[in-house]
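Biologist: Could you take a close look at the pockets of this model, and at the helix packing that goes with them? I would like one connected account rather than a list.

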Amino acid sequence: MHEDEKSDERRAATGLTPSGADQEFLALERELTVLLRRARASQGEMAREVHPDLESAAYGLLVRLDECGGQRATELAAYIGVGKATMSRQLRALEELGLIAREPDPADGRAWLVALTEEGRRRVGTVREARRGRYVRQLAHWERTEVAELARLLNQLNGVMEK
């Protein structure tokens with residue numbers, strides 16, 4: 001047996017590619033790239049469904065406010081991973097569209113909370129419900145336990161990526 005053939009057999013046995021990368025991690029990278037590309041396109045569509053002038057990136061802020069209620073701008077910036085200036089610009093645009101409002105923080109009178117307006121809650125709720133309906137249709141052939149496992153693993157991945 002030739003030395004190159006022995007090397008190929010060792011790589012195949014260990015799951016390494018010729019570059020030395022684990023096949024599982026290359027597959028993970030490939031699938032996450034596809035998922036993220038599709039998610040960005042979908043987020044843009046959902047943002048436009050909420051409001052035609054809504055920036056794609058701002059949709060995540062609206063979902064966070066829908067799920068968690070009023071939050072300080074600094075909390076939102078940290079969660080999304082942007083600076084204060086970017087967050088201020090996005091919040092100002094959302095406020096001008098009538099989707100959010102600022103209200104005094106009951107825990108600290110000097111601070112403000114950002115919350116969805118009733119119109120913002122209605123619009124975001126409509127879009128999120130339609131998206132969940134698409135997931136149900138697209139994954140109708142999956143077992144519910146598989147959907148739950150995917151959600152669990154994505155949550156675990158998101159937790160690791162936060163750190």
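Modeller: What follows treats the largest pocket, then two helix contacts, and then the second largest pocket. Please keep in mind throughout that this is a predicted model, and that the values below are computed from it.

The largest pocket has a volume of about 2,700 Å³, and its lining is made up of 46 residues. Nearest to the centre of this pocket lie Ala39, Arg131, Tyr135, Leu154 and Asn158. Five helices, namely α2 (23–50), α3, α4, α6 (118–138) and α7 (144–162), each contribute at least two residues to the lining, and the largest share, 14 residues, is supplied by α7. In terms of residue class, the lining of the largest pocket consists of 25 nonpolar, eight polar and 13 charged residues.

Two of these contributing helices, α2 and α6, also pack against each other, at an angle of about 140 degrees and with their axes 9 Å apart. Because the roughly antiparallel class takes only angles over 145 degrees, α2 and α6 are therefore described as oblique to each other. The crossing of α2 with α6 is right-handed, and the contact is formed by Met46, Glu49 and Val50 on the α2 side and by Arg123, Val124, Val127, Arg131 and Arg134 on the α6 side. This contact of α2 with α6 contains four nonpolar and four charged residues, with no polar ones. Arg131 thus appears in two places, as a residue of this contact and among those nearest the centre of the largest pocket.

A second pair from the lining, α3 and α4, covers residues 59–68 and 73–80 respectively, and these helices pack at an angle of about 120 degrees with their axes 11 Å apart. Since angles of 65 to 115 degrees count as roughly perpendicular, α3 and α4 are likewise oblique to each other, and their crossing is right-handed. Gly60, Leu61, Arg64 and Leu65 of α3 meet Leu76, Tyr79 and Ile80 of α4 in this contact, which by class comprises five nonpolar residues, one polar and one charged.

Helix α4 leads on to the second largest pocket, since it is one of the elements, together with α5 (84–96) and β2 (108–116), that give two or more residues to the lining there. The second largest pocket holds about 150 Å³ of space, and its lining is formed by Ala73, Thr74, Lys84, Met87, Ser88, Leu91, Arg102, Arg110, Ala111, Trp112 and Val114. These lining residues divide into six nonpolar, two polar and three charged.

Note on methods. Residues are numbered from 1 along each chain as its sequence is written. This is a predicted model: local features need pLDDT of at least 70, side-chain atom pairs count only at pLDDT 80 or more; totals for chains, interfaces and linings use all residues. Side-chain values use heavy atoms; hydrogens and water are left out. Axes are lines fitted to C-alpha atoms, for helices over the stretch in contact, and angles run from 0 to 180 degrees between N-to-C directions. Helices (H or I, at least four residues) and strands (E, at least two) are DSSP runs, numbered from the N terminus. Angles under 35 degrees count as roughly parallel, over 145 as roughly antiparallel, 65 to 115 as roughly perpendicular and the rest as oblique. A crossing is left-handed if the near helix is turned anticlockwise from the far one by less than a right angle, and right-handed if clockwise. Contact means heavy atoms within 4.5 Å. Ala, Val, Leu, Ile, Met, Phe, Trp, Tyr, Cys and Pro count as nonpolar, Asp, Glu, Lys and Arg as charged, and the others, Gly among them, as polar. On a 1 Å grid over the protein atoms alone, a cavity is a set of points where a 1.4 Å probe fits but cannot get out, and a pocket is an open set with protein on both sides within 12 Å along at least five of seven lines; lining residues have an atom within 4 Å of a point. Grid points are joined across faces, edges and corners, and a volume is the space filled by probe spheres set on the points.
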